[in-house]
Amino acid sequence: MSLSSHVSPAPARMSDFRVLVAPGLSDSGPEHWQSRWQRLYPAFERVQQDDWETPDLPAWSQRLGEVLARDGRPTVIVAHSFGCLTTVQRTAALLAEGGSAHPIVAALLVAPADPAKFSVSSAVRHRLPYPALVVGSDNDPWMSADRARHWAEAWGAQFRSIGPRGHINSESGLGDWTQGQQWLLELLEQIP
């Protein structure tokens, strides 16, 4: 047996993937962990919506599709709140259009907004064909931890709670949210 057969594969790095940041309503302000991550990792790209104050799932999903179509590299989506629902709906649309979620290869879905609050449950009730992690909070006003677990299961995603951190946004006091960065790296390791 050669020495090379005993060498572990190199760990995945964020630079191996295109990373898209998909914010929720009102975009993510400068102290939101998504914005801080973009400053830490300048290659991360933000999906810009035309109207950040109107939660229009078809329009937001269409915009995400346009951004994905510009670059065929394997893409990891880092979503927050309504951006999570947008990611799931776009994945379903990609599967319906071409039978594959390409170029999406993984998703970090943080503090998803409850689909029932936006009357979009049927539009986002789809199993994700790639590694995904839902991160919820014990006191999120947009979705209870139990509901977040329910949706993680429906999406075929792992679930982790970070305790009582509200909507896991600027007000949560996470700074650069190093635990989230670690979870993102662990998610990358699961990509086939």
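The lining of the largest cavity divides into six nonpolar residues, three polar ones and no charged ones, where Ala, Val, Leu, Ile, Met, Phe, Trp, Tyr, Cys and Pro count as nonpolar, Asp, Glu, Lys and Arg as charged, and the others, Gly among them, as polar. I should say at once that this is a predicted model, in which local features need pLDDT of at least 70 and side-chain atom pairs count only at pLDDT 80 or more, while totals for chains, interfaces and linings use all residues. Residues are numbered from 1 along each chain as its sequence is written, and side-chain values use heavy atoms, with hydrogens and water left out.

The residues around that cavity are A22, P23, V47, Q49, W52, W60, L64, G83 and T86, and helices α2 (57-69) and α3 each supply at least two of the lining residues. Its space comes to about 40 Å³, and a search of the whole structure finds one cavity of 30 Å³ or more. By cavity I mean a set of points, on a 1 Å grid over the protein atoms alone, where a 1.4 Å probe fits but cannot get out, whereas a pocket is an open set with protein on both sides within 12 Å along at least five of seven lines, and lining residues have an atom within 4 Å of a point. Grid points are joined across faces, edges and corners, and a volume is the space filled by probe spheres set on the points.

Turning to the pocket, the largest one holds about 200 Å³ of space. Of the 17 residues that line this pocket, L25, D27, H80, H167 and N169 are the closest to its centre, and the lining as a whole comprises five nonpolar, 10 polar and two charged residues.

Now the sheet, which is open, has six strands in the order β2-β1-β3-β4-β5-β6, and shows parallel pairing; strands are DSSP runs (E, at least two residues), as helices are (H or I, at least four), numbered from the N terminus, and two strands pair if DSSP finds at least two bridges between them. Because β2 (45-46) and β6 (158-161) stand at the edges with a single partner strand each, one side of each is left without a neighbour in the sheet.

What about strand β4, residues 104-110: how many of its seven residues are buried? Seven of the seven are, so β4 is largely enclosed by the rest of the structure, buried meaning under 20% relative accessible area with a 1.4 Å probe and protein chains only. Strand β4 pairs in the parallel sense with β3 (residues 75-80) over six bridges, with T75 opposite I104, and with β5 (residues 132-136) over four bridges.

Notes: Buried means under 20% relative accessible area, exposed over 50%, partly exposed in between (1.4 Å probe, protein chains only).
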